[in-house]
Amino acid sequence: MLTMMFFNRVMSVDRDGNGRSSDRVRARRLVLTWLVSCCVLIFLMVVLGGVTRLTGSGLSMVNWKPLSGVIPPLSALAWQQEFENYQGSPQFQQVNTNMTLARFQVIFYFEYAHRLLGRIIGLAFIVPFLLLWWRRMIHPPLVPRLLLVFILGGMQGLLGWYMVQSGLVDVPRVSPYRLTAHLIVAVAIYAYLFWTALGLLSERSGHSTVSPLSRGAIGITVMIVVTILSGGFVAGLKAGHAFNTFPLMGGQWIPPGYGIAEPFWINFFETIPAVQFNQRWLAITTFVLVIMFVLRAWRDDALRIYRAAVGVLVMLAVIQVSLGISTLLLHVPVVLAAAHQGVALVLLTAALYLVFITRHLPSAESRSNVARHHR
């Protein structure tokens, strides 16, 4: 539904007075399609990364081969060699001592698919970029921003390996700090690309105004990002496997062990009771803010034509809270946990779209013309 609203917006602003598309408009549509396609790939990458973590597959590939690693083991001998490499890792020696070659192949392919998708995203970005730039279809001021995205993508690949390395030394678990950094950079690249795509929509949107609700939309977006950031530490510490009750934790509102570490600030990142407690209440606070925003937006005449987008935001918030509670109560099943991570990114997308809408509302005259057209 969100995608349909987005592309309807594209079509509505990409017509000239005669209803025919100009060369510039066609170029902008092509760039928009490319950017949104990259966003979809990054979304899949985030979800697949979550599945890789949840299945314990992230440490199965102990070597980083940016070029030759594109090809998986193709022979029995190659698989045996890869398995022997894994047997030297802390995860095998401390956790998966009874793992068979067949089981190893399963977790290997999860991590292989994750890394392969990362390479595909790189190609899906740089090849169209070069072609579109060569054909002068990218507006020049946009070029530096897109180059920044490519640089961030390369850094994200290095950060991913830096994260994996932390689990290949002594303890078979990646650093929560590195995992969270890896997640938030992926989210930042996704949000930056999506916002860039939205910016192309405003080029021919005519006279516009900024809604008083714009600050509320920005606040919600910030809270969603902070909640995702907090969720990264929950994932890194596997905190979702503790205190599997709601709303109480260990029979108390404030769980036992909260604030046990010194200095106190470490608890926000390194102790399971504090990390899970904080993530719960960040999520609940975000949900309440979404409800408050929606109630105000629903009564705003200027946002009347965007009620579908407002409705999608609250629907996603309800789904996300339900998934979060269900994932916790059921002890983090892979399907629900992956869906929870995926919906978080979709919720962020809806919030960003509403930030854009509230900052580019049609003027009163434009709204009157739209109303007459619909009558």
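Reader: Where does W265 sit along the chain?

Author: Keep in mind that this is a predicted model. The helix before W265 is α8 (214–237), and the one after is α9 (267–270). That puts W265 in the loop between α8 and α9.

Reader: Is W265 buried, exposed or partly exposed, and why?

Author: Buried would need under 20% relative accessible area, and exposed would need over 50%. W265 comes in at 48% relative accessibility, so W265 falls between those limits. Call W265 partly exposed.

Reader: Which residues make a nonpolar surface patch with W265?

Author: The patch covers about 410 Å². W265, from the loop between α8 and α9, is one of its members. Joining W265 there are Y177, F264 and F268.

Reader: How many disulfides does the structure hold, and why don't C38 and C39 count as one?

Author: A disulfide needs two cysteine sulfurs within 2.5 Å. The closest cysteine sulfur to that of C38 is in C39, but at 7.2 Å, so the pair is too far for a bond. Looking from C39, the closest cysteine sulfur is in C38, again too far for a bond. The disulfide tally for the structure is zero.

Reader: Are C38 and C39 buried or exposed?

Author: The cut-off for buried is under 20% relative accessible area. C38 has 3% relative accessibility, and C39 has 4%. Because both values fall under that cut-off, C38 and C39 are buried.

Reader: Which residues does I184 touch, leaving out those up to four places away in sequence?

Author: I184 belongs to helix α7 (residues 176–201) and is partly exposed, at 22% relative accessible area. I228 is 44 residues away along the chain, yet the two C-alpha atoms are separated by 7.7 Å. Beyond its sequence neighbours, I184 touches V225, I228 and L229.

Reader: Which helix gives the largest share of the largest nonpolar core?

Author: That core has 69 residues, and W34, I138, F293 and L313 have the most contacts inside it. Helices supplying at least two residues each include α2 (23–54), α10 (272–298), α11 (307–329) and α12 (334–359). The largest share is 13 residues, and it comes from α12.

Reader: What does L313 touch, not counting residues up to four places away in sequence?

Author: L313 is among the residues with the most contacts inside the largest core. Its partners include F293, another residue on that most-contacts list. The full set is V290, F293, V294, L347, A350, A351 and L354.

Reader: How many residues are in the second, separate core?

Author: M61, Y86, M99 and I107 are among its members. The count for this second core is eleven.

Technical notes. Residues are numbered from 1 along each chain as its sequence is written. This is a predicted model: local features need pLDDT of at least 70, side-chain atom pairs count only at pLDDT 80 or more; totals for chains, interfaces and linings use all residues. Side-chain values use heavy atoms; hydrogens and water are left out. Patches are made of residues with over 30% relative accessible area and no salt bridge: like charges are joined within 9 Å, nonpolar side chains (Val, Leu, Ile, Met, Phe, Trp, Tyr) within 5 Å. Accessible areas come from the Shrake-Rupley method with a 1.4 Å probe; for residues, only the protein chains shown count as cover. A salt bridge is a side-chain nitrogen of Lys or Arg within 4 Å of a carboxyl oxygen of Asp or Glu. Helices (H or I, at least four residues) and strands (E, at least two) are DSSP runs, numbered from the N terminus. Buried means under 20% relative accessible area, exposed over 50%, partly exposed in between (1.4 Å probe, protein chains only). Contact means heavy atoms within 4.5 Å. A nonpolar core is a set of buried Ala, Val, Leu, Ile, Met, Phe, Trp, Tyr and Cys residues joined through side-chain atoms within 4.5 Å.
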